[in-house]
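Please read the points below alongside the sequence and the coordinates. They begin with the metal site and then turn to a loop residue and to the chain as a whole.

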Amino acid sequence: MFKVIGLLLLFVSLPACSQQVEVESARVWTAPDHTRLIIDVAGPVSHQIRPLIDPDRLLIDIAGVTLPSKLPKVDAADPLIVRLRGGSPDGRNLRLVLDLKQPVRVKSTLAPPNERYGYRLVVDLQPKEADEAVRLAERAGDVRHARAGTTAGSGVAGLRELVVAIDAGHGGEDPGAIGPAGTREKDITLAIARRLEVLVEAAPGLRPVMIRDGDYFVRLRDRVQLARQHQADLFVSIHADAYHDPRVSGSSVYTLSFSGATSDAAKWLAERENKADLIGGVELTGVDSDLDRVLFELAQNGSLEHSRYAAEHVLTRLKGTGPVHRASVQQARFVVLKSPDIPSMLVETAFISNPDDERRLRDSAHQQRIAQAIFEGVQAYFLQHSPPDTRLAGATNGRQHVIDRGDTLGAIAKRYAIDVKALRLANGIDGDRIRVGDVLRIPEG
Ligand SMILES: [Zn+2]
């Protein structure tokens, strides 16, 4: 099961020395706001980090670690690091030199072993200007936000777009579950998330926000926090998990649990997903202490109810893409769903541990079908539940039509004296297919 990912360092064996700790491999993950360097070490080591200027460099000294013969190449697009060099002048201690593109702030920690990795030295680099940049971005965001309330967006004056937070599970140091053929969950979730992003971007009245948009790790709480910063109206976390029984297959949709999990499998999955922070190399603090408070708030403001509405729409559409694992929306205590004010769901697109599911998850046509199903479910939910200050609601002035047996788009358009094209556009419908019981928004004539 254990797979070494990223860039392997070849270890040069030195004359026997019992105190020597081997550097096994190192990886560099580039995130939008930081770069993370991970150095696998075979045991606890002490280290020292020193910045140098003219040119900007970082010296990382690791005691009692031998020199690897080859260091990982850094992605040319990394905003902070040019390259990694290293040496072991005295043959006993390792000195890494990071050539930098700009001055950085550094945080480092020795992460203890977990179920996937042994001891690792985790070094996080952030641009020194980061604080200032964030402050400026926030100020710019405030201005934009204030303006959106008074001037026309793209179409309907004073109305906002509905924001869909798309959360690709896992990433970076945390590969998520790994299928029997080696497929990594983090790659599948990002591929489907990007397809969903394109669909949401193209839909009138909706706007996507990618919570993770590359191969790097984001803590579960930060995912929730990012969605709140972007004032998301819905949070969709995408996963493709594993179960110890490879026969288990199919997709399922989860919302946060009020009490216990709806099944052993749901509980097991939630526990597994909640471990992401540990595997990602960051310590988890205050694990579930505020879960009860969050649940109370959810119950108070109806977010939990809305999570379920949205999840049911998505599950209905997923049933058209292949077998489902559970025919109804499941509940469990997923940390990533703990937004008190944003309806949230977690989609297990399939079980990557099932060989058939794994093969389908790798297929781009199937990835597109899943993204389309999630999108249609999200859109159907918003068509029924968009707040009055949104373009989606404003475009229709609240008029709705519940599709009855025998209804056609043409007949509905005629009845409300509107254009079929306008009806399609307002509801994000492509062809002529409509479903009995769905609610259509009726745009102005
Ligand atoms: Zn997962």
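Which protein atoms are the donors of the zinc ion?

1. In this predicted model, where local features need pLDDT of at least 70, side-chain atom pairs count only at pLDDT 80 or more, while totals for chains, interfaces and linings use all residues. Residues are numbered from 1 along each chain as its sequence is written, and side-chain values use heavy atoms, with hydrogens and water left out.

2. The zinc ion has as its protein donors H170 (NE2), E185 (OE), H239 (ND1) and E273, the last listed with OE twice, at 2.0 to 2.3 Å. Donors here are N, O and S atoms within 2.8 Å of the metal (3.2 Å for Na, K and Ca), and because water is not among the atoms, sites may look incomplete. Along the chain the donors follow the spacing H-x14-E-x53-H-x33-E. E185 lies in helix 2 (residues 185-202) and H239 in strand 12 (residues 234-239), so this pair ties together parts that are 54 residues apart in sequence.

3. Both of these donors are buried (under 20% relative accessible area, with exposed over 50% and partly exposed in between; 1.4 Å probe, protein chains only): E185 has 0% relative accessibility, and H239 has 6%.

4. E173, in the loop between strand 10 (162-168) and helix 2, is also buried, at 1%. Beyond its neighbours within four places in sequence, E173 is in contact with residues including R27, W29, Y117, R120 and F217, contact meaning heavy atoms within 4.5 Å.

5. Of the 445 residues of the chain, 49% count as buried.

Note on methods: Helices (H or I, at least four residues) and strands (E, at least two) are DSSP runs, numbered from the N terminus.
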